[in-house]
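Dear colleague,

Please find below the structure that I agreed to hand over. My notes on it follow directly after.

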Amino acid sequence: MADYQALSPEDIFKNPEVRCYIESGNNCLGSIGFTEHGLAHAKRSSHYAQRILESLGYPARTCELAAIAGYMHDIGNTVNRADHAHSGALMAFTLLNKLQMPPEEIAMVCSAIGHHDEKTAYPVNPLAAALILSDKSDVRRTRVRKDAVLAADIHDRVNYAVEDMRLEIDPEQKVCTFNIVIDTEICPVMEYFEIFLERMVLCRKAARTLGLQFELIINNTRLL
Ligand SMILES: [Fe+2]
Ligand SMILES: [Fe+2]
């Protein structure tokens, strides 16, 4: 009988190997000119994924596993941006298996990581749904790299234009609201939709998995 360990999110946050792969993935994307996918994005995704499930009354351990999946979800960028959800899930499997996490928990974390990226994403379990919502709602100016040329990249423009962003869950009304304020001088709302429509459709699917209706509010106007 294997000697399994109960790993807390803090155990994973302070693990130097996990940290190394988050940073190396972010460095690869930095070289290509992509937005920030490093520790700030990992911690935010982790925090929000956990908070979403907590606010809906999921068991404490499920919420902790969401925090772990959220923190580790982009390590696959170390291998390649393409299919990073799948390579990341396999890397997470190796790391968590070595740390002796029970297989049922590894399976949930790896499924969430492996189903978070647009093209192949699906809210296959509550962790995956919470991760999709937390990951896709991380749009903020600080994700734009210092040397970015705004005129050249729509992702940079959209992220740079975001002045305020809030993801709110109303457990009573069963609503998940993504409320953002964007500077339309930098990026027209249309540009936001050009790259985020697919993500917002995915968020709606994820919200539904958690029994919630998804609402998108941009500059005080309800769009979804
Ligand atoms: Fe990702
Ligand atoms: Fe991400």
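Donors are here the N, O and S atoms within 2.8 Å of the metal (3.2 Å for Na, K and Ca), and water is not among the atoms, so sites may look incomplete. This is a predicted model, in which local features need pLDDT of at least 70, side-chain atom pairs count only at pLDDT 80 or more, and totals for chains, interfaces and linings use all residues. Residues are numbered from 1 along each chain as its sequence is written, chains are lettered from A and ligands numbered from 1 in the order in which they are written, and side-chain values use heavy atoms, with hydrogens and water left out.

The metal site

Asp 74 (OD), His 84 (NE2) and His 116 (NE2) coordinate the iron ion (ligand 1) at 2.1 to 2.2 Å. The spacing of these donor residues in sequence is D-x9-H-x31-H. Asp 74 also serves as a bridge between the iron ion (ligand 1) and the iron ion (ligand 2), the two ions being 3.5 Å apart. The two histidines link distant parts of the chain: His 84 belongs to helix α5 (residues 84-98), whereas His 116, 32 residues apart from His 84, lies in the loop between α6 (103-114) and α7 (126-136). Helices (H or I, at least four residues) and strands (E, at least two) are DSSP runs, numbered from the N terminus. Both His 84 and His 116 are buried; buried means under 20% relative accessible area, exposed over 50%, and partly exposed in between (1.4 Å probe, protein chains only).

Helix packing

The axes of helix α2 (residues 16-32) and α5 come within 11 Å and cross at roughly 165 degrees. Axes are lines fitted to C-alpha atoms, for helices over the stretch in contact, with angles running from 0 to 180 degrees between N-to-C directions. The two helices are therefore roughly antiparallel (angles over 145 degrees count as such, under 35 as roughly parallel, 65 to 115 as roughly perpendicular and the rest as oblique). At this packing, Glu 17, Val 18 and Tyr 21 of α2 meet Met 91, Leu 95 and Lys 98 of α5, contact meaning heavy atoms within 4.5 Å.

Also in helix α2 is Asn 26, which is buried at a relative accessible area of 13%. Beyond residues up to four places away in sequence, Asn 26 touches Thr 35, Glu 36, His 37, Gly 38 and Arg 145.

Leu 53, in helix α3 (residues 39-55), is buried with a relative accessible area of 0%. Its contacts, leaving aside neighbours within four places in sequence, include Tyr 58, Pro 126 and Leu 210.

Cysteines

How many disulfides does the structure hold? There are 0, a disulfide being a pair of cysteine sulfur atoms within 2.5 Å. For Cys 28, the nearest cysteine sulfur is that of Cys 20, 11 Å away; Cys 28 is partly exposed, at 31% relative accessible area. The sulfur of Cys 187 is too far from any other for a bond, because the closest cysteine sulfur, in Cys 203, is 17 Å away. Cys 187 is buried, at 0% relative accessibility.

Backbone

Most residues other than glycine have a negative phi. Asp 83 is not a glycine, yet has a positive phi of about 60 degrees. Asp 83 sits in the loop between α4 (60-72) and α5 and is exposed, with a relative accessible area of 53%. Lys 174, likewise not a glycine, has a positive phi of about 60 degrees. Lys 174 is placed in the loop between β1 (162-170) and β2 (175-182) and is partly exposed, at 44% relative accessibility.

With kind regards
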